[in-house]
Amino acid sequence: MAERAVALSDRTGLIAAALVAALILAALVAVFAAADVGGGLGAADWAAVRFTAMQAVLSALISVLLAVPVARALARRRFAGRGALITLLGAPFILPVIVAVLGLLTVFGRSGMLNQIGGQLGLPPVSIYGLHGVVLAHVFFNLPLATRLLLQGWQSIPSERFRLAGQLKMTPRALFLALEWPMLRQVLPGVGALIFVICLTSFAVALTLGGGPRATTIELAIYQAFRFDFDLGRAALLSVVQLVLAGGAAVAALWLIPAIGLGGGLDRPLRRWDARGGVQRGIDVTAIVLAALFLLLPLGAVVLRGLRGVFHLPLTVWQAAMNSILVAGLSVLVLAVLALPLAGWIATRRRGGAEAIGLMGLAASPLMIGTGWFILINPVLDPARLSLPVTSLVNALMALPFVLRILVPRLRETLQDYGPLTQTLGMRGWALWRLLVLPRLRPQLGFAAGLTGALSVGDLGVIALFADQERATLPLQMYRLMGAYRMEAAAGAALLLLVLALAVFFICDKWGRWHADA
Amino acid sequence: MKYLTLAAGLMGATAALAETPELTVYTYDSFVTEWGPGPAIEKGFEAECGCDLNFVGMGDGAALLARLKLEGARSDADIVLGLDTSLVAAAKETDLFAPSDLDADYDLPITWEDDVFVPYDWGYFAFVHGTDLTAPTDFKALAASDLKIVIQDPRSSTPGLGLLMWVKAAYGDDAPEIWADLADNIVTVTKGWSEAYGLFLEGEADMVLSYTTSPAYHLIAEEDDSKTAAVFDEGHYMQIEVAGKLAGSDQPELADQFLQYLVSDAAQSVLPTTNWMYPAVTPKAGLPEGFDGMIQPGKALLVPNDEVPALREEALDEWLNALSR
């Protein structure tokens with residue numbers, strides 16, 4: 001199958017890929033160039049590498065495995081509040097780390113709900129701090145994301161297949177093997193790799209919940225090298241290790257994805273004839289209720305804590321919120337320009353290894369990218385002037401892998417199903433995008449734009465390195481409030497952030513699902 | 001042609017602005033926020049200098065120094081405000097700073113002899129706790145108790161580094177044992193002060209590493225007297241925050257004038273209730289009400305500035321060893 005089934009241009013995709021790689025490598029080279037020649041990595045650095053890899057593997061595996069029953073349940077059931085729950089699945093992911101951690105602690109902390117209930121029953125207190133705490137927090141962040149991505153996989157199975165399975169009276173087990181498992185084999189490796197990379201760059205979560213310097217991650221070592229030792233060489237080396245780990249995982253996982261198609265359908269509304277039995281219902285209800293509790297209790301704590309402070313926010317917080325919205329809009333635009341051609345290029349290739357380029361943006365330490373570009377920009381311009389564009393660009397880079405994961409499977413399917421037809425009709429270039437690709441990808445585009453926008457609203461990333469007072473974003477302003485003892489106002493700002501990010505997410509996602517049953 | 005006119009107009013505008021001398025001060029984030037000391041000091045100084053004072057806030061003290069090293073001699077900054085005693089040696093090593101010229105009568109627990117950096121406020125590190133708790137009176141008692149504490153990572157935060165120096169200054173070669181005994185008291189180690197203080201307020205620990213003046217914030221700004229700090233018999237480690245003039249400044253006289261203003265009564269009386277630290281020169285009107293209730297350590301500990309880098313490295317290794325087990 002070497003010949004291409006569709007006339008989608010490679011050139012723009014290649015340019016986008018080169019641009020992404022150049023943006024990251026330029027920063028890396030700039031940091032290396034500014035560094036004095038230094039030694040290699042010490043034993044402590046390698047211990048950090050080992051810990052980082054281990055917690056990332058565990059977090060990715062557990063998130064993905066738990067997401068399967070949740071996504072399956074959500075795909076099989078229709079109930080009041082289902083749409084709201086799916087939207088809320090985007091929430092943990094966009095929260096600033098410390099907000100989410102404080103939310104988790106109201107449930108799992110020393111004086112949290114679980115320990116209070118346990119105390120009533122005479123159980124000894126359970127400590128959240130340690131490797132298990134790190135993994136728990138990462139699952140909290142990533143389980144919802146994995147669920148959303150898997151749910152997409154379920155939605156990509158044509159409804160006619162379920163109709164046929166219903167006519168054949170297939171058991172849930174047989175249906176799983178025939179329809180769901182092949183889909184999962186295609187989707188799981190990519191989702192797992194994505195979560196692995198997210199957890200790889202974790203810093204504050206790992207340190208705060210890890211309980212001490214045992215839980216040192218590569219990102220913390222990079223931070224220390226930049227900020228306290230000002231050892232640029234070591235910082236750059238560590239960044240390379242991080243990139244290699246992420247890149248290796250991504251290429252391996254994406255290579256595992258079998259190149260098989262699930263076949264096209266007529267986009268009829270989905271009805272499920274399987275899963276009507278009591279046992280199946282029980283499994284689904286349990287999965288949804290547990291996932292919802294795990295998700296909503298900490299979020300509820302964030303909302304409750306914020307309610308007291310949200311009406312007394314200083315004016316600068318509102319200005320920061322405006323900046324954040326601006327950054328989110330810019331990020332979505334930048335991303336559209338980068339991601340669509342890139343997705344087109346990747347989708348026409350037989351194997352998905354090229355998607356690893358997209359993961360680079362997420363795997364590169366934001367501190368490294370920020371510092372590198374600071375070194376490059378500083379001789380020419382005042383970096384503070386460029387803080388918002390640079391932040392938007394870096395945010396877009398960080399969102400790129402998620403967006404590719406969302407777009408590529410659907411795009412590949414679309415090209416497989418409609419490729420021969422478009423060739424017969426001689427459709428190519430812009431007409432192909434406008435008439436076929438964009439309309440068929442609309443739900444995915446909405447989801448991707450929403451996720452990017454929401455991520456940008458919540459991201460602290462590089463802004464801290466560039467921003468001055470007028471250009472601070474909402475998460476930065478929230479941290480400043482916390483740093484000045486103003487925990488109540490900070491909690492209010494966090495609530496505002498949550499509402500804003502969810503609104504951005506909801507609006508884009510809604511646009512994508514216009515007229516769609518899914 | 002239009003562009004030329006535009007360019008000429010822009011240049012003209014810059015030239016007009018340049019007639020008012022501009023002083024650029026790099027400082028940490030919380031100094032310039034509307035609830036920090038920045039706005040009042042800017043207003044006060046601009047009223048007497050006929051210049052434009054421009055605060056640029058970035059991260060914390062360590063971030064300031066990293067930024068300065070990145071910019072090198074090209075930096076726009078005339079003044080850097082917000083380094084602390086643990087960073088002074090590293091800052092001097094850059095050769096970017098010039099000696100300052102001012103006279104002040106400091107009210108510090110130690111004598112200040114540095115001719116480059118000007119101290120503007122200071123505080124003691126201390127473990128803050130609720131008043132309902134009977135606090136231990138030294139590190140050994142703390143280690144023997146089953147009290148839970150939250151501390152900051154010395155690799156990413158200045159208070160964390162302060163605690164490292166505190167134990168080292170108090171116990172010298174016995175510091176590793178103290179840390180080993182403390183290990184089971186430490187709930188967790190956070191990236192920065194905000195996270196640790198947040199966890200403490202959420203009830204995750206009995207005590208948190210902060211400052212002796214932290215309870216003053218709760219008392220004055222929140223009218224909440226439920227927090228206090230524990231007095232330790234070994235003495236308390238100090239943090240002195242300093243400002244310095246850059247050698248590459250294009251406004252050296254103005255920079256000196258600013259440093260002088262910084263230790264004046266006007267600026268010093270702003271600091272206690274905005275930065276929540278003790279002023280380096282006690283204002284004539286005394287400290288604000290509420291500060292007199294703060295605990296008074298019996299002994300002030302401070303490692304001489306030039307010994308900090310070597311000692312830091314040693315103490316950090318000991319700390320990592322003791323807590324990684």
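**How many bridges pair strand S5 (residues 118-130) of chain B with S8(B), and in which sense, parallel or antiparallel?** The model shown is predicted. In it, S5(B) and S8(B) are joined by five bridges and run antiparallel. One of the residue pairs is B:Val128 with B:Val208, the latter lying in S8(B). Strand S8 itself spans residues 207-211 of chain B. S8(B) is mostly covered, with five of its five residues buried.

**A parallel partner for S8(B) is strand S6 of chain B.** S6(B) covers residues 149-152. Two bridges link S6(B) to S8(B). Here B:Val150 is the residue opposite B:Val208. B:Val208 thus appears in both views: it pairs with B:Val128 and stands opposite B:Val150.

**The largest nonpolar core holds 271 residues.** Three members touch the most others: A:Val197, A:Ala493 and B:Val208. B:Val208 is the S8(B) residue seen in the strand views above. Both domains of chain B contribute residues to this core, so the core lies between them. In general, nonpolar side chains of soluble globular proteins tend to be buried together.

**A close-up of A:Val197 shows its contacts with residues farther along the chain.** Leaving aside residues up to four places away in sequence, A:Val197 touches three alanines numbered A:Ala246, A:Ala249 and A:Ala250. It also touches A:Leu359, A:Leu362, A:Ala363 and A:Pro401. A:Val197 falls within helix H9 (172-200) of chain A.

**Two domains of chain B meet in this view.** Domain 1 takes in 2-121 + 239-292, and domain 2 takes in 123-238 + 298-324. Their C-alpha centres are 28 Å apart. The contact involves 21 residues of domain 1 and 19 residues of domain 2. On the domain 1 side, helix H4 (61-71), helix H5 (88-93) and strand S10 (236-246) of chain B each supply at least two residues. H5(B) gives the largest share, three residues. By class, this side of domain 1 has 12 nonpolar, six polar and three charged residues.

**Chain A and chain B touch through 41 residues of chain A and 38 residues of chain B.** Five helices of chain A each supply at least two residues to its side of the contact. They are H5 (97-108), H10 (204-210), H11 (218-227), H16 (366-377) and H21 (474-483). H11(A) gives the most, with five residues. The chain A side is made up of 25 nonpolar, 10 polar and six charged residues.

**A:Lys169 has a positive phi without being a glycine.** The angle is about 50°. A:Lys169 sits in the loop between helix H8 (159-167) and helix H9 (172-200) of chain A. Is this residue buried or exposed? A:Lys169 is exposed, because just 9 other C-beta atoms lie within 10 Å, and the cut-off for exposed is 12 or fewer.

**A:Tyr485 is another non-glycine residue with a positive phi.** Here phi is near 70°. A:Tyr485 lies in the loop between H21 and helix H22 (487-512) of chain A. H21 also supplies at least two residues of the chain A side that touches chain B. A:Tyr485 counts as buried, because it has 22 C-beta neighbours inside 10 Å, and buried calls for 20 or more.

Conventions. Residues are numbered from 1 along each chain as its sequence is written. Chains are lettered from A and ligands numbered from 1 in the order in which they are written. This is a predicted model: local features need pLDDT of at least 70, side-chain atom pairs count only at pLDDT 80 or more; totals for chains, interfaces and linings use all residues. A nonpolar core is a set of buried Ala, Val, Leu, Ile, Met, Phe, Trp, Tyr and Cys residues joined through C-beta atoms within 7 Å. Domain bounds come from an automatic or database domain assignment. Two residues are in contact if their C-beta atoms, placed from the backbone, lie within 7 Å. Helices (H or I, at least four residues) and strands (E, at least two) are DSSP runs, numbered from the N terminus. Ala, Val, Leu, Ile, Met, Phe, Trp, Tyr, Cys and Pro count as nonpolar, Asp, Glu, Lys and Arg as charged, and the others, Gly among them, as polar. Two strands pair if DSSP finds at least two bridges between them.
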